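Visitor: Could we go through this model together, starting with the helices?
Guide: Gladly; here it is.

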Amino acid sequence: MIKTIFTIIAAVCLIASTQAFAPQLPVTHTFGKVASKTQANLFSGDEERTAITRDTEPEDFFVTNTDKMSDEEKLPIAIAGLVGISLPFILGLIALYASK
């Protein structure tokens, strides 16, 4: 009897603890409703910005500082990246061979 009660209590605790981490699903009722257009600048009088396309965007809108650099200026960055990635492995191999 006590073993059965303990098993039931353990099962309830297990279920309650796992339900605490389950994501809650939002409940929305959209039947019969029409979605309204959201206005970003309601009081400023500005019109909502249209989507950016290749034709309407400025030439340097999505250009980073690295994109503006020439290939000669990017070369030290690339070499530093390669050295930074490979140097720990080379040092690890040296340490393994030195320990033998």
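Visitor: How far apart are the end C-alpha atoms of α3, and what should its 28 residues span?
Guide: The end C-alpha atoms of α3 are 39 Å apart, which agrees with the 40 Å that its 28 residues should span at 1.5 Å a residue, the expected span being 1.5 Å times one less than the number of residues. Helices here are DSSP runs of H or I with at least four residues, and strands are runs of E with at least two, numbered from the N terminus. This is a predicted model, in which local features need pLDDT of at least 70, side-chain atom pairs count only at pLDDT 80 or more, and totals for chains, interfaces and linings use all residues. Residues are numbered from 1 along each chain as its sequence is written, and side-chain values use heavy atoms, with hydrogens and water left out.

Visitor: Where does α3 kink?
Guide: At Ser86, shortly before the proline Pro88, with a kink of about 35 degrees; the bend is the angle between axes fitted to the seven residues ending there and the seven starting there.

Visitor: And Leu87, buried or exposed?
Guide: Leu87, which lies in α3 (residues 71-98), is partly exposed because its relative accessible area is 41%, between the limits of under 20% for buried and over 50% for exposed (1.4 Å probe, protein chains only).

Visitor: How many helices and strands are there?
Guide: The protein has 3 helices and 0 strands.
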